[in-house]
Amino acid sequence: MTAKTPLPTATILGYPRLGRRRELKRAIESFWKGNSSEAELTATARELRAATRARLVELGLPAEGGAVPESFSFYDQVLDATLALGAIPSRFSDVQGSDLVTYFALARGDKDHQPLEMTKWFDTNYHYSVPEIDERTPFAANPAALVAQVAEAAAQGIESRPVLVGPVTYLLLAKASDDAGEGFSPIDRLDEVVAVYVELLGALAAAGAGWVQLDEPALVSDSLSVSREEALALVEKAYAALGGADSRPQILLTAPYGDSSAGLTRLAALPVEAVQADLVRGSLPQQALASGELARAFGEKQFVAGVVDGRNIWRTDLRAAFAQLAGLKDAGISVVVGTSNNLQHVPHDVNDETKLDARLKSWLAFADQKVEQVAVLARGLAEGAAAIEPELAVTEAALADRASAPGVHVDGVRGRVGAVTDADRNRADEATRREAQEGLSIPNLATTTIGSFPQTGEIRKARAAFGRGEIDQNAYDGFLRDEIARVIKLQEEIGLDVLVHGEAERNDMVQYFAELLDGFAVTENGWVQSYGTRATRPSILWGDVSRPAPMTVAWSAYAQSLTQQPVKGMLTGPVTILAWSFVRDDQPLGDTAAQVALALRDEIDDLVDAGINIVQVDEPALRELLPLDADRQGSYLDWSVGSFRLATGGAAPEVQIHTHLCYSEFGEIIDAVDGLDADVTSIEAARSRMDVVEPLGDHGYSRGIGPGVYDIHSPRVPSIDEQSELIRIAAKRIPGKQLWINPDCGLKTRGYEETVASLTNLVQAAKAVREA
Ligand code: GLN
Ligand code: ZN
């Protein structure tokens, strides 16, 4: 092992990587379009890495000793590990060109290759590229990118800390490739992968790296193929080997995104030099701490206490965090101040926001402010609480101000939530509703869409022009009305049964509502990477939520006025609104969800009054927010399902409530989906060829169900035969009265040409099956 220098007492687990002005996004997309060379792209990347390191030092992380993490990625950290391990799936072995060309081929596919699948990273809205592993996947250390970063940092006078997804998490996030044999699981290859990590560590040590960070969030999740307890045993096995390597940097093992307290003493006993725990979502093992057992396990090793929240944008309660750190120090533990997780999930800098209310701004901390908070706490540990008393006092005042600011606690909103009873969450029974809804005259195998129609260049242009004040409200509304009229006419021509207005007015399915509800604020530059070069700007839910005025009624009512067919109203559900926003941390999520639910409940009332008899409430994030920790899943499902029922519970039996859930892997939450008590649920099913109808049939699911009959993720037009075949598969298990025919998801990312062709085939396919 290289010389032992302890980690400085301030560090973070990672930093946003698209750049303050999303410069990496622009550089990569220009390279993809062929407008710039690989050399130009790598030069921009190098500059961005240098600027990031310099910024972190400027914000207070020491330049020496490995406090500054290498945070860069061209696309995704799991894909980086795939390249570092040389684990290129055989179906890509014919890709010609540089490592970067291969990398982007895996990420995005090319004309001969489907890309790696993408899926959500733990319980975040970030997507990673899923490794494909089988018995023959090659593994060979490819440390070039990691080593180059160490050298770049050194040239800048900074000793940085390379970061890599750890071997256990890597394999648990992988899927068995299509070539894998029956019963094969990627984790079966742990020993071989660990051997490659040993080589990578050797190369890093040779390059002069004093520290390396290995992230093992598998340690906090019960949602992978093994439980947390089993993941811990695998980590023990893997790190015994890694720790024993002849030549390696010191290892910081991290367990972000959740609670690792049950295994912390065992992690501390591993042959690594530092262990991190997320103390925002997780906790400390209080007994082991009090008895001295934890301190004994750590010995001289360092404990990176993740006290600054990397998932949210609120200022840390520095006084509380400091007390926790001081307690660890007093217990004899060598403590380093850290973040709960990589700051990739928060935007760069509050100071880039020019339009946010000044008072709200004073409560916030984006990535840069969080680094400063880490540095302040570290100074307090070194110099004593008195040295940071001014900073503690400032955050305390900000927190007190937040607690008492108008809008944060609104009596009317609280009173209403307080008065909610079980009855508000219960509609008439299913049979009564079915009968009452006969009046809607919905045919068997009814055809519909999920809501959005293509967001064309013209729509985006009109929205941008309106945003810049180049066209006025009247002109913009007129434009949207014309768009709605066009979409209604098109659906009538195609022959769909239940129509939609097309969602042209929505920039985003959450932000649209956030802009219209009280209690939310939106940012100008608060970008957060969603995947690859894509970023979203989550809204900030800071206060009690209420609805000053109807939000969607005018659009839906206008659409309904143009047609005799029923038009479905379209809302985003409370759980999804919370999941894709930064939410307040001063009350339980369930309380916040209930407020949003009541606002939606009023919206449904108004829609119905305006003549809309079918309302869809989308909840694509229901599964995403499911806690990683199995012990917390029950109470999550209670409040999330409860908030959906509160939103929809006021609908009369004649009103048909739909929901849409996106994914099809809801085996584990099928009871919850049933519990939503929606009359009709649409889900993704085409790619899995209706896999989901089997379990639904077994479950005795009695409600309406719309398993998607065509994949909207690609422009390919599925034929009538192809769609009717899927419909027949579904119809074997689900009676025609219950079965709805729709695409997998909304059509906003598609073009009109393929949309019209695919929907025309969908209607014909439904007709063919109906008449057979
Ligand atoms: N109604 C939304 C749409 O059609 C649903 C989107 C989603 O599920 N993500 O776009
Ligand atoms: Zn969807």
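In this predicted model, strand 20, helix 24 (residues 633–648) and strand 21 together build a β-α-β unit, and that unit is right-handed. The two strands of the unit sit side by side in the parallel sense, with five bridges joining strand 20 to strand 21 (residues 656–660). To pick out one of those pairings, Val617 has Thr659 of strand 21 as its bridge partner. Strand 20 has a second neighbour too: strand 18 (residues 568–572) pairs with it, again parallel and again over five bridges. Here Thr572 is matched with Asp618 of strand 20.

What about the surroundings of strand 20? Five of the five residues in this strand (residues 614–618) are buried, so the strand is largely enclosed by the rest of the structure. In a regular strand, side chains take turns between the two faces of the sheet. For strand 20, one side carries Ile614, Gln616 and Asp618, the other carries Val615 and Val617, and every one of these is buried, so to speak covering both faces.

A similar story can be told for strand 8. Five of the five residues of strand 8 (residues 211–215) are buried, so this strand, too, is largely enclosed by the rest of the structure. Trp211, Gln213 and Asp215 are buried on one side, while Val212 and Leu214 are buried on the other. Strand 8 runs parallel to strand 6 (residues 163–165), with three bridges between them, and Val165 finds its bridge partner in Asp215 of strand 8. Strand 9 (residues 250–254) is joined to strand 8 by five bridges, also in parallel, and Leu252 of strand 9 stands opposite Gln213. To get from strand 8 to strand 9, the chain passes through helix 8 (residues 228–243), making a right-handed β-α-β crossover.

Zooming out, the domain assignment splits the protein into domain 1 (10–404) and domain 2 (428–771). Their C-alpha centres are 35 Å apart, and the contact between them draws on 38 residues from domain 1 and 26 residues from domain 2. On the domain 1 side, helix 1 (23–32) and strand 2 (118–120) are the elements that supply two or more residues, with helix 1 giving the most, at three residues. By character, this side of domain 1 has 16 nonpolar, nine polar and 13 charged residues.

Finally, there is ligand 1. Of the 13 residues around ligand 1, the ones that come nearest are Ile450, Gly451, Ser452, Pro620 and Gly746. The shell as a whole is made up of six nonpolar, four polar and three charged residues.

Conventions. Residues are numbered from 1 along each chain as its sequence is written. Chains are lettered from A and ligands numbered from 1 in the order in which they are written. This is a predicted model: local features need pLDDT of at least 70, side-chain atom pairs count only at pLDDT 80 or more; totals for chains, interfaces and linings use all residues. Domain bounds come from an automatic or database domain assignment. Two residues are in contact if their C-beta atoms, placed from the backbone, lie within 7 Å. Helices (H or I, at least four residues) and strands (E, at least two) are DSSP runs, numbered from the N terminus. Ala, Val, Leu, Ile, Met, Phe, Trp, Tyr, Cys and Pro count as nonpolar, Asp, Glu, Lys and Arg as charged, and the others, Gly among them, as polar. A residue is buried if 20 or more other C-beta atoms lie within 10 Å of its own, exposed if 12 or fewer, and partly exposed in between; C-beta atoms are placed from the backbone. Two strands pair if DSSP finds at least two bridges between them. A crossover is right-handed if, with the strands pointing away from the viewer, the path from the first strand over the helix to the second runs clockwise. A residue is near a molecule or strand if its C-beta atom, placed from the backbone, lies within 6 Å of it.
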